Amino acid sequence: MPSFESIKARYEAAGQDHVLKFWPELTDSEKASLLEQLGSLDIERVNRIYKKAVSAESTNSSATSDLIEPLPKGASESITRVELANEWRRIGLEAVSRGEVGALLMAGGQGTRLGSNAPKGCYDIGLPSHKSLFQYQAERISRLQTVAEQEFGKKAGTVIVPWYVMTSGPTRRETEKFFKEHEYFGLDRRNVIFFEQGTLPCLTIEGKLLLDTPSSVAVAPDGNGGLYAATRSPLGAGDKSHTVLNDLARRKILYVHAYCVDNCLVRVADPVFIGFGIWKQADCAAKVVPKASPTESVGVVACKGGRFSVVEYSEILKEQAERRDADGELVFRAGNIVNHFYTTAYLNQVEKFEEQMAFHIARKKIPHVDLATGQTVKPTKPNGMKLEMFVFDVFPYTERFAVLEVERKQEFSPLKNAPGTGSDDPETSRRDLLAQHKYFLEKAGAKVKDSVEIEMSPIVSYAGEGLESTQGKIFSKSGIASSLEELDALV
């Protein structure tokens, strides 16, 4: 542990020594805890991040919107090109069969808006099976492994898609407990790797550290873009040498699919998307959905200042948002859904340009200790800032970047709002997932009677494959099917 004198000197030099204001009043254990926290904190980096974030915010507010341009020709492809999509699937599934693909789940959020304090992935959207979001994603991985084995002649149980689950400090313990209680949803626990996104200190508007107790600095998660630094950090306190990046290397994983926990339709380690990224020789790629309307409040993948970027809807002028191409499609339509492809080589390169990336400032009401009185203050208006990086902040620094447009109703139904909101809530998630199952059956040649609700486990079908035996059948009973035999019982 660093000495008090060395910490004091460092923090004085950084202009942050006020964090030691209550030192004489602390107990020995409180002193040890504070020294450990301050010693692990790169205070010089925090100061650099603050200055760069403030400078970038000032620059952005004065930038003109004419720097924003649509994606150039050749950068984007659509899933509607069926022959190409079939080829992408073959390429991607072959990579899966060779053990070259991993999935990375961003699962740091809590279900606070949903009325739950549990990690969001534990949430039950009201399906007949009452399966959680985590379980659906695990079962998709399990089915994908089986499909790759079957289509490429691999022995059962030999294809593995490792699942890297990024939690946050507040959600890690409960997430791991949930997985253990549910026996990892049928996956081998050795192939489910938990890690934690980082934190950054909360700051005053002037960039000074805030204390949440006299013996600790207030911290907050560093945003979903913290995943890049998190892949380089130790997986746990007891395992300082093991990181996500060296686990990927040990397993010889070449491609990674990263996605958010709250999309019930997400195709985990999607072979079509993986194959698309390989086919395009991309370092990084984004899956997008067409904007529902010019005014939809969603960021779009576009070019800003000549570089790929996610442009927030507030940055695009009304006439730009409404502009259409010769086919009548919106020019700025590539709605960002936080669904990305990376090569592992690229993930290993991010550290080289990470210092150039500016964090985003979120002004918040942050409870803190008053330095004059030592009392806890709960502000009624924003008094400080949390610094966040977004996962798409790497796009402008990516040389080989590509975009795949997919169908919204098949691949995107986010869970953002409280029950009963009417959009992006548990009811719409449930509706969209059950509608997809009906679509899979009807595409296979079956008929599902009106008002009949059938929930198919992803173990039965990942994306509509394997349902040939349902052709010509009429499903007249609602129910849950975890196998083709159980599906037949609903005819």
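Is Lys409 buried or exposed? Lys409 is exposed, because its relative accessible area of 56% is over the 50% cut-off. The close-up views below come from a predicted model.

**View 1. Glu407 and Lys409 are joined by a salt bridge.** The side chains of Glu407 and Lys409 meet with an N to O distance of 4.0 Å. Lys409 is the exposed partner, at 56% relative accessible area. Glu407 has a relative accessible area of 38% and is partly exposed.

**View 2. Glu87, Arg90, Glu94, Arg98 and Glu100 belong to one salt-bridge network.** The five residues are linked through salt bridges that have partners in common. Side chains of opposite charge can pair when their charged atoms come close. For the model as a whole, the count of salt bridges is 34.

**View 3. Asp247 and Arg250 form a salt bridge in helix α8.** The closest N and O atoms of Asp247 and Arg250 are 3.0 Å apart. Helix α8 covers residues 244-250. About one helical turn separates Asp247 from Arg250, because the two are three residues apart in this helix. Asp247 is buried, with a relative accessibility of 0%, whereas Arg250 is exposed, with a relative accessible area of 54%.

**View 4. Lys177 and Glu181 form a salt bridge in helix α6.** The N to O distance between the side chains of Lys177 and Glu181 is 3.0 Å. Both residues lie in helix α6, with a spacing of four residues, or about one turn of the helix. Lys177 is partly exposed at 48% relative accessibility. Glu181 is partly exposed as well, at 49%.

**View 5. Arg172 is a buried residue of helix α6.** Helix α6 runs over residues 169-181. The relative accessible area of Arg172 is 15%, so Arg172 falls under the 20% cut-off for buried residues. A polar atom of the Arg172 side chain lies 2.7 Å from the backbone oxygen of Leu235. Leu235 is also one of the residues in contact with Arg172 when neighbours within four places in sequence are left aside. The others are Thr167, Phe194, Phe195 and Glu196.

Conventions. Residues numbered from 1 in each chain as written. Predicted model: local features only at pLDDT ≥ 70, side-chain atom pairs only at ≥ 80, totals over all residues. Heavy atoms only, no water. Buried < 20%, exposed > 50% of the residue type's maximum accessible area, 1.4 Å probe, protein only. Polar contact = N/O pair within 3.5 Å; in protein donor to acceptor, adjacent residues only side chain to side chain. Contact = heavy atoms within 4.5 Å.
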